[in-house]
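Thank you all for coming; I would like to walk you through one protein chain this morning. Please keep the viewer open while I talk, and stop me wherever you want a closer look.

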Amino acid sequence: MNSNTIIGSTTVLAVFGDPVSHSLSPLMHNAAFSALDWNCVYIPCRVQSEQLSIAVRSIQALNWKGVNITIPYKQAVQAELDQISGDAEKSGSVNTIINRDNQLIGTSTDGIGFLRSLQEEGHFEVKEKNVILFGAGGAARAVIYSLINAGIKSLTIVNRNFEKANDLRLQVLDKTGFALSVYDLSKLEEINWDLYDLLINSTSVGLHDEQSLVPVIYLKPKHFVYDMVYKRGDTKLSRDAKQVGCQSLSGLSMLLYQGAESFQLWFESDPPIDAMRRALYQYYE
Ligand SMILES: NC(=O)c1ccc[n+]([C@@H]2O[C@H](COP(=O)([O-])OP(=O)(O)OC[C@H]3O[C@@H](n4cnc5c(N)ncnc54)[C@H](OP(=O)(O)O)[C@@H]3O)[C@@H](O)[C@H]2O)c1
């Protein structure tokens, strides 16, 4: 029997979101199951907001092993779970649900996936580094606490909506005691660009456009540039970074490692990361 054949005993996992048609998680996880010859299937589920509660409780009713959560439910889903653990407690963002003994446990693998991708694909160690991060939304929240835990020296957040960035600064101070600085996006000329080792774009700029929030004149070869956006071809920020001679990584790498971490939590077994990487990168060839 082919491991992809769905039979009565097939283990089911899924991703919930709206929209969900763009998600590459089914591709990546089903490639992992094929590589291991496991009889599991991972399916995309478009869930409307008024159905989120029912959908989450269905994980128990249908005895699914686990689920990923994507936009726009990473915050809202918390209220539906039995337990929140790990990074999700601080960031308030859940991207992984584990169905263990019929208890739904929510956690986030975005932060740890981000860090692992930096270390393992980027060969970049964040300890004692100065970091500048663009954005103050869900993706920013998901990685900030992991960066602080990993021992960064300083963190500067730049956002279009200054109030939102300032609220995040206060929340981080309250939860960790870490003092970060915030800048308004319109005041880039006030920033000391030479200070930073790692520059992260966690905004959606570059996803559907050819824009970058970082004028190329501010990029230095010493910056490691991480654009959390992923799409076919480079973003403008990634192209500019390469032109200046910066090392860089795209969001595809984060997607891979957050998926690998989710797999590890569901199955308590090492994921076949090379097969997962191959599936993702071949899709974008
Ligand atoms: N690679 C991965 O695995 C991964 C994981 C998570 C997210 N992401 C990507 O990260 C991006 C952000 O996701 P999110 O969940 O954080 O979204 P979000 O919560 O909606 O936040 C969006 C952020 O982008 C900023 N922004 C949007 N349009 C802008 C513009 N025209 N000019 C300046 N700033 C702008 C927003 O600034 P304001 O606060 O001023 O509105 C905010 O900081 C998305 O592209 C997503 O695909 C990737």
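I will go through the domains, then the sheet, then the salt bridges, and finally some details of the backbone.

Before anything else, let me say that this is a predicted model, and that the values I quote are computed from its atoms.

Let me begin with the overall division of the chain, which is assigned as domain 1, covering 11-108, and domain 2, covering 112-250. Between the C-alpha centres of these two domains the separation is 27 Å, and the contact itself draws on 7 residues from domain 1 and 11 residues from domain 2.

As many of you will know, the size of an interface is often expressed as the accessible area lost when the parts come together. Here domain 1 and domain 2 bury about 710 Å² between them, with carbon and sulfur atoms giving 50% of that area. On the domain 1 side, Asp-87, Lys-90 and Ser-91 together supply 67% of the area buried against domain 2, which is more than any other three residues supply.

What kinds of contact cross the interface of domain 1 and domain 2? The rule finds 2 residue pairs in polar contact there, both at pLDDT 80 or more, while it finds 0 salt bridges across that interface. The residues of domain 1 that touch domain 2 divide into 1 nonpolar, 3 polar and 3 charged.

Let me turn now to the sheet, which is open, has 6 strands in the order E2-E1-E3-E5-E6-E4, and shows mixed pairing. Strand E2, at 40-46, and strand E4, at 83-84, stand at the edges with a single partner strand each, so one side of each is left without a neighbour in the sheet. The partnership of E2 with strand E1, residues 11-17, is parallel and runs over 7 bridges; to pick out one position, Ala-14 has Ile-43 in E2 as its bridge partner.

As for charged pairs, the count by this rule comes to 13 salt bridges. One of them joins the side chains of Glu-268 and Arg-100, at 3.5 Å from N to O. This pair links distant parts of the chain, since Glu-268 sits in the loop between helix H8 (251-267) and helix H9 (273-283), whereas Arg-100 belongs to strand E5 (residues 96-100), 168 residues apart.

I will finish with the backbone, where the usual expectation is that most residues other than glycine have a negative phi and that most peptide bonds are trans. Against that background, a cis peptide bond joins Asp-18 and Pro-19, with omega about 5°, and Pro-19 lies in the loop between E1 and helix H1 (25-36). Another cis peptide bond joins Ile-71 and Pro-72, again with omega about 5°, and Pro-72 lies in the loop between strand E3 (66-69) and E4. Lastly, Asp-37, which is not a glycine, has a positive phi of about 60°, and its place is in the loop between H1 and E2.

Definitions and conventions. Residues are numbered from 1 along each chain as its sequence is written. This is a predicted model: local features need pLDDT of at least 70, side-chain atom pairs count only at pLDDT 80 or more; totals for chains, interfaces and linings use all residues. Side-chain values use heavy atoms; hydrogens and water are left out. Domain bounds come from an automatic or database domain assignment. Contact means heavy atoms within 4.5 Å. Buried area is the accessible area (1.4 Å probe) that two parts lose on being put together, summed over both. A salt bridge is a side-chain nitrogen of Lys or Arg within 4 Å of a carboxyl oxygen of Asp or Glu. A polar contact is a pair of N or O atoms within 3.5 Å; within protein, one must be able to donate a hydrogen and the other to accept it, and residues adjacent in sequence count only if both atoms are side-chain atoms. Ala, Val, Leu, Ile, Met, Phe, Trp, Tyr, Cys and Pro count as nonpolar, Asp, Glu, Lys and Arg as charged, and the others, Gly among them, as polar. Two strands pair if DSSP finds at least two bridges between them. Helices (H or I, at least four residues) and strands (E, at least two) are DSSP runs, numbered from the N terminus.
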